[in-house]
Amino acid sequence: MTMTIPMKTVTESRTRGKLFILSAPSGAGKTTLCKALLAHFPDMRFSVSYTTRQPRAGETDGIDYCFITKDEFVKGTQTGKWAEWATLHGNFYGTSAEFLDTAMSAGYDVLLDIDVHGMLQIITLYHEAVTIFIMPPSSEALKARLESRATDKKEVIAARLLHAEKEMAEKDRYRHIIVNDSLPDTVKELIAVVESYRLEKK
Ligand code: 5GP
(Lines give C-alpha, C1' and ligand atoms only; values in the text may rest on other atoms or scores of the structure.)
Protein backbone atom coordinates (compact mmCIF):
# COMPACT_ATOMS: atom_id res chain seq x y z
CA MET A 1 0.00 0.00 0.00
CA THR A 2 1.35 3.46 -0.90
CA MET A 3 0.73 6.33 1.48
CA THR A 4 1.10 9.92 0.31
CA ILE A 5 2.15 12.63 2.71
CA PRO A 6 0.86 16.08 1.74
CA MET A 7 3.55 18.79 1.83
CA LYS A 8 3.06 21.56 4.35
CA THR A 9 2.08 24.98 3.02
CA VAL A 10 4.76 27.67 2.83
CA THR A 11 3.35 29.47 5.84
CA GLU A 12 4.04 26.45 8.08
CA SER A 13 7.36 25.46 9.60
CA ARG A 14 9.57 23.27 7.41
CA THR A 15 11.76 22.26 10.37
CA ARG A 16 12.35 18.52 10.31
CA GLY A 17 9.73 16.72 12.38
CA LYS A 18 10.45 14.81 15.57
CA LEU A 19 9.92 11.15 16.32
CA PHE A 20 7.93 9.99 19.32
CA ILE A 21 8.02 6.32 20.22
CA LEU A 22 5.36 4.88 22.48
CA SER A 23 5.84 1.36 23.81
CA ALA A 24 3.77 -0.62 26.27
CA PRO A 25 2.80 -4.20 26.86
CA SER A 26 -0.40 -5.15 24.98
CA GLY A 27 -3.32 -4.31 27.22
CA ALA A 28 -1.68 -1.29 28.88
CA GLY A 29 -3.95 1.11 26.99
CA LYS A 30 -1.46 2.20 24.35
CA THR A 31 -3.87 2.27 21.39
CA THR A 32 -6.25 4.56 23.28
CA LEU A 33 -3.34 6.80 24.27
CA CYS A 34 -2.04 7.01 20.70
CA LYS A 35 -5.50 8.03 19.52
CA ALA A 36 -5.74 10.68 22.24
CA LEU A 37 -2.32 12.09 21.28
CA LEU A 38 -3.20 12.22 17.58
CA ALA A 39 -6.51 13.92 18.37
CA HIS A 40 -4.69 16.54 20.48
CA PHE A 41 -1.95 17.15 17.89
CA PRO A 42 -3.75 17.02 14.53
CA ASP A 43 -0.54 17.73 12.61
CA MET A 44 1.18 14.69 14.10
CA ARG A 45 1.38 11.67 11.79
CA PHE A 46 0.98 8.08 12.94
CA SER A 47 3.33 5.55 11.42
CA VAL A 48 1.02 2.70 10.44
CA SER A 49 3.05 -0.47 10.95
CA TYR A 50 3.15 -3.38 8.55
CA THR A 51 2.36 -6.79 9.97
CA THR A 52 1.82 -10.38 8.94
CA ARG A 53 -0.61 -10.91 11.83
CA GLN A 54 -4.27 -11.52 11.00
CA PRO A 55 -6.51 -8.47 11.42
CA ARG A 56 -8.56 -8.46 14.63
CA ALA A 57 -12.26 -7.66 14.57
CA GLY A 58 -12.67 -3.94 14.01
CA GLU A 59 -9.19 -3.39 12.57
CA THR A 60 -8.92 -1.72 9.16
CA ASP A 61 -6.14 -2.32 6.65
CA GLY A 62 -4.09 0.84 6.14
CA ILE A 63 -5.38 2.45 9.34
CA ASP A 64 -4.58 0.14 12.22
CA TYR A 65 -1.92 -1.78 10.34
CA CYS A 66 -1.00 -2.53 6.75
CA PHE A 67 -1.65 -6.26 6.66
CA ILE A 68 0.75 -8.05 4.34
CA THR A 69 1.93 -11.61 3.65
CA LYS A 70 5.10 -13.17 5.08
CA ASP A 71 6.62 -13.20 1.57
CA GLU A 72 6.01 -9.48 1.18
CA PHE A 73 7.48 -8.82 4.61
CA VAL A 74 10.61 -10.87 3.98
CA LYS A 75 11.10 -9.15 0.61
CA GLY A 76 10.96 -5.84 2.53
CA THR A 77 13.83 -6.95 4.78
CA GLN A 78 15.91 -7.54 1.65
CA THR A 79 15.08 -4.25 -0.03
CA GLY A 80 15.60 -1.98 2.99
CA LYS A 81 11.91 -1.21 3.32
CA TRP A 82 11.96 -1.33 7.13
CA ALA A 83 13.45 1.30 9.44
CA GLU A 84 13.08 -1.44 12.06
CA TRP A 85 11.34 -4.75 12.30
CA ALA A 86 10.69 -7.46 14.86
CA THR A 87 9.00 -10.81 15.27
CA LEU A 88 6.41 -11.01 18.01
CA HIS A 89 4.19 -13.96 18.81
CA GLY A 90 5.16 -15.58 15.51
CA ASN A 91 4.29 -12.55 13.38
CA PHE A 92 6.44 -9.92 11.72
CA TYR A 93 5.97 -6.22 12.48
CA GLY A 94 7.82 -3.41 10.71
CA THR A 95 8.03 0.35 10.27
CA SER A 96 8.30 1.84 6.79
CA ALA A 97 11.62 3.72 6.44
CA GLU A 98 10.20 5.73 3.54
CA PHE A 99 7.19 6.88 5.55
CA LEU A 100 9.36 8.14 8.43
CA ASP A 101 11.74 9.96 6.16
CA THR A 102 9.06 11.56 3.99
CA ALA A 103 6.87 12.64 6.91
CA MET A 104 9.73 14.08 8.97
CA SER A 105 11.32 15.81 5.98
CA ALA A 106 7.94 17.47 5.34
CA GLY A 107 8.09 18.79 8.92
CA TYR A 108 5.63 16.42 10.54
CA ASP A 109 6.18 14.94 13.97
CA VAL A 110 5.64 11.19 13.79
CA LEU A 111 4.24 8.82 16.40
CA LEU A 112 5.38 5.20 16.46
CA ASP A 113 3.64 2.44 18.42
CA ILE A 114 6.33 -0.23 18.46
CA ASP A 115 7.93 -2.66 20.89
CA VAL A 116 11.25 -2.37 22.70
CA HIS A 117 13.24 -4.21 19.98
CA GLY A 118 11.91 -1.77 17.42
CA MET A 119 12.64 1.21 19.68
CA LEU A 120 16.27 0.10 20.13
CA GLN A 121 16.73 -0.15 16.35
CA ILE A 122 15.09 3.24 15.72
CA ILE A 123 17.27 5.12 18.21
CA THR A 124 20.40 3.92 16.43
CA LEU A 125 19.06 5.72 13.31
CA TYR A 126 17.30 8.61 15.02
CA HIS A 127 19.23 9.44 18.21
CA GLU A 128 16.87 12.26 19.07
CA ALA A 129 13.74 10.09 19.11
CA VAL A 130 11.65 10.69 22.22
CA THR A 131 10.95 7.33 23.84
CA ILE A 132 8.03 6.82 26.21
CA PHE A 133 7.07 3.62 28.00
CA ILE A 134 3.52 3.15 29.31
CA MET A 135 3.24 0.89 32.34
CA PRO A 136 -0.03 -0.77 33.34
CA PRO A 137 -1.00 0.04 36.96
CA SER A 138 -0.22 -3.58 37.95
CA SER A 139 0.32 -7.04 36.46
CA GLU A 140 -3.17 -8.00 37.68
CA ALA A 141 -4.73 -5.05 35.86
CA LEU A 142 -2.85 -6.00 32.71
CA LYS A 143 -4.05 -9.61 32.92
CA ALA A 144 -7.64 -8.46 33.40
CA ARG A 145 -7.42 -6.14 30.40
CA LEU A 146 -5.93 -8.83 28.17
CA GLU A 147 -8.57 -11.35 29.24
CA SER A 148 -11.36 -8.89 28.58
CA ARG A 149 -10.19 -8.66 24.96
CA ALA A 150 -12.28 -11.58 23.77
CA THR A 151 -10.60 -11.64 20.37
CA ASP A 152 -7.50 -13.55 21.53
CA LYS A 153 -7.28 -17.25 22.45
CA LYS A 154 -6.14 -18.36 25.95
CA GLU A 155 -2.67 -19.46 24.71
CA VAL A 156 -2.25 -16.13 22.93
CA ILE A 157 -3.18 -14.24 26.11
CA ALA A 158 -0.71 -16.31 28.15
CA ALA A 159 2.07 -15.65 25.62
CA ARG A 160 1.25 -11.92 25.60
CA LEU A 161 1.38 -11.79 29.41
CA LEU A 162 4.79 -13.45 29.46
CA HIS A 163 6.01 -11.08 26.79
CA ALA A 164 4.56 -8.14 28.73
CA GLU A 165 6.63 -9.04 31.80
CA LYS A 166 9.77 -9.12 29.63
CA GLU A 167 8.90 -5.77 28.07
CA MET A 168 8.28 -4.14 31.44
CA ALA A 169 11.73 -5.27 32.53
CA GLU A 170 13.13 -3.03 29.74
CA LYS A 171 11.30 0.13 30.77
CA ASP A 172 14.45 1.89 32.01
CA ARG A 173 15.75 2.05 28.45
CA TYR A 174 13.11 4.73 27.75
CA ARG A 175 13.47 8.47 28.40
CA HIS A 176 10.01 8.66 30.00
CA ILE A 177 7.95 6.14 31.96
CA ILE A 178 4.27 6.86 32.56
CA VAL A 179 2.05 4.62 34.69
CA ASN A 180 -1.43 4.38 33.21
CA ASP A 181 -3.35 4.50 36.50
CA SER A 182 -6.12 6.74 35.32
CA LEU A 183 -6.66 7.32 31.62
CA PRO A 184 -7.46 11.08 31.79
CA ASP A 185 -4.35 11.72 33.93
CA THR A 186 -2.16 9.62 31.67
CA VAL A 187 -3.42 11.45 28.59
CA LYS A 188 -2.59 14.79 30.26
CA GLU A 189 0.88 13.62 31.25
CA LEU A 190 1.60 12.24 27.80
CA ILE A 191 0.45 15.43 26.10
CA ALA A 192 2.65 17.47 28.45
CA VAL A 193 5.72 15.34 27.63
CA VAL A 194 5.12 15.56 23.87
CA GLU A 195 4.37 19.29 24.06
CA SER A 196 7.65 19.98 25.86
CA TYR A 197 9.62 18.51 22.92
CA ARG A 198 7.46 20.14 20.28
CA LEU A 199 8.06 23.55 21.85
CA GLU A 200 11.83 22.95 21.72
CA LYS A 201 12.06 23.40 17.96
CA LYS A 202 10.37 26.81 17.85
P1 5GP B 1 -0.58 -6.17 18.49
O2 5GP B 1 -0.44 -7.43 17.70
O3 5GP B 1 -1.20 -6.40 19.83
O4 5GP B 1 -1.26 -5.08 17.69
O5 5GP B 1 0.89 -5.61 18.76
C6 5GP B 1 1.83 -6.40 19.41
C7 5GP B 1 3.06 -5.59 19.67
O8 5GP B 1 3.68 -5.24 18.44
C9 5GP B 1 2.81 -4.27 20.39
O10 5GP B 1 3.75 -4.19 21.48
C11 5GP B 1 3.15 -3.22 19.37
O12 5GP B 1 3.69 -2.04 19.94
C13 5GP B 1 4.19 -3.93 18.54
N14 5GP B 1 4.31 -3.37 17.21
C15 5GP B 1 3.34 -2.90 16.42
N16 5GP B 1 3.86 -2.46 15.27
C17 5GP B 1 5.19 -2.63 15.34
C18 5GP B 1 6.28 -2.35 14.47
O19 5GP B 1 6.13 -1.83 13.37
N20 5GP B 1 7.50 -2.70 14.90
C21 5GP B 1 7.73 -3.26 16.12
N22 5GP B 1 8.99 -3.53 16.45
N23 5GP B 1 6.73 -3.54 16.97
C24 5GP B 1 5.49 -3.23 16.59
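**Exercise 1.** Determine which atom of the ligand a polar side-chain atom of Asp113 approaches, and at what distance.

*Solution.* A polar side-chain atom of Asp113 lies 2.8 Å from an oxygen atom of the ligand. The cut-off for a polar contact is a pair of N or O atoms within 3.5 Å. Taken alone, the ligand exposes 510 Å², of which the protein buries 95%; such areas come from the Shrake-Rupley method with a 1.4 Å probe.

The model is predicted: local features need pLDDT of at least 70 and side-chain atom pairs pLDDT 80 or more, while totals for chains, interfaces and linings use all residues. Residues are numbered from 1 along each chain as its sequence is written, and side-chain values use heavy atoms, without hydrogens and water.

**Exercise 2.** State how many residues surround the ligand and which are the closest.

*Solution.* The ligand is surrounded by 18 residues (each with a heavy atom within 4 Å), the closest being Lys30, Ser49, Arg53, Tyr65 and Tyr93. For Lys30, a polar side-chain atom lies 2.7 Å from a ligand oxygen atom. For Tyr65, the corresponding distance to an oxygen atom of the ligand is 2.5 Å.

**Exercise 3.** Identify the domains from which the shell around the ligand draws at least three residues each.

*Solution.* They are domain 1 (18-44 + 109-202) and domain 2 (47-108), with bounds from an automatic or database domain assignment.

Definitions and conventions. Polar contact = N/O pair within 3.5 Å; in protein donor to acceptor, adjacent residues only side chain to side chain.
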